[in-house]
Amino acid sequence: MATGPGLESLVDQTISVITNDGRNIVGVLKGFDQATNIILDESHERVYSTKEGVQQLVLGLYIIRGDNISVVGELDEELDSALDLSNLRAHPLKPVIH
């Protein structure tokens, strides 16, 4: 996982965060600290299902504790906007087991 200078280049960019409990949260990175606690704006959670399309739950301004983050990734907004999430089917991610 990127920390420190690795996240600096992502500030004000749309990112995707996978949490230890298997949630996928997408939003604009507004800030972070040395413990990788992050602040997302305009965020939403994407809930995947094998039976129906991806649900997007609006979260707004959202803070995620660094010890609950598994993966932080930059989102290709052009590619993401071309996806039809209502037709996308996937199994939800399982929690990370330590």
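**Salt bridges and exposure in a predicted model**

Modeller: In this predicted model, Asp-67 and Arg-65 are joined through their side chains by a salt bridge, with 2.9 Å from N to O.

Colleague: What makes the contact between Asp-67 and Arg-65 a salt bridge?

Modeller: The N to O distance for Asp-67 and Arg-65 is 2.9 Å, and a salt bridge requires a side-chain nitrogen of Lys or Arg within 4 Å of a carboxyl oxygen of Asp or Glu, so the pair qualifies. Asp-67 and Arg-65 are both exposed.

Colleague: How do you know that Asp-21 and Arg-23 form a salt bridge?

Modeller: The closest N and O atoms of Asp-21 and Arg-23 are 3.9 Å apart, and because the cut-off is within 4 Å, this pair is counted as well. Asp-21 and Arg-23 also belong, together with Glu-45, to a network of salt bridges.

Colleague: Why are Asp-21 and Arg-23 called partly exposed?

Modeller: Asp-21 has a relative accessible area of 40% and Arg-23 has one of 25%; partly exposed covers what is in between under 20%, which is buried, and over 50%, which is exposed, and therefore both residues receive that label.

Colleague: How many salt bridges does a search of the whole structure find?

Modeller: The search finds 5 salt bridges, including one between the side chains of Asp-12 and Lys-30, at 3.0 Å from N to O. Asp-12 lies in the loop between α1 (5–8) and β1 (14–19), whereas Lys-30 lies in strand β2 (residues 24–32), so this salt bridge ties together parts that are 18 residues apart in sequence. Lys-30 is partly exposed, its relative accessible area being 41%.

Colleague: Why is Lys-51 called exposed?

Modeller: Lys-51 has 74% relative accessibility, and exposed means over 50%, so the label follows. Lys-51 is placed in the loop between β3 and β4 (55–64), and its C-alpha is 9.2 Å in space from the C-alpha of His-91, although Lys-51 and His-91 are 40 residues apart in sequence.

Colleague: What makes Ile-39 eligible for a nonpolar patch on the surface?

Modeller: Ile-39, which lies in strand β3 (residues 38–47), counts as partly exposed at 35% relative accessibility, and because patches are made of residues with over 30% relative accessible area and no salt bridge, Ile-39 meets the accessibility condition. Ile-39 forms the patch with Leu-61 and Ile-63, and together the three have about 310 Å² of accessible area.

Methods: Residues numbered from 1 in each chain as written. Predicted model: local features only at pLDDT ≥ 70, side-chain atom pairs only at ≥ 80, totals over all residues. Heavy atoms only, no water. Patch = residues over 30% accessible without salt bridge, like charges linked within 9 Å, V, L, I, M, F, W, Y side chains within 5 Å. Areas by Shrake-Rupley, 256 points an atom, 1.4 Å probe, with all protein chains shown as cover. Helix = DSSP H or I, 4+ residues; strand = E, 2+ residues; numbered from the N terminus. Buried < 20%, exposed > 50% of the residue type's maximum accessible area, 1.4 Å probe, protein only.
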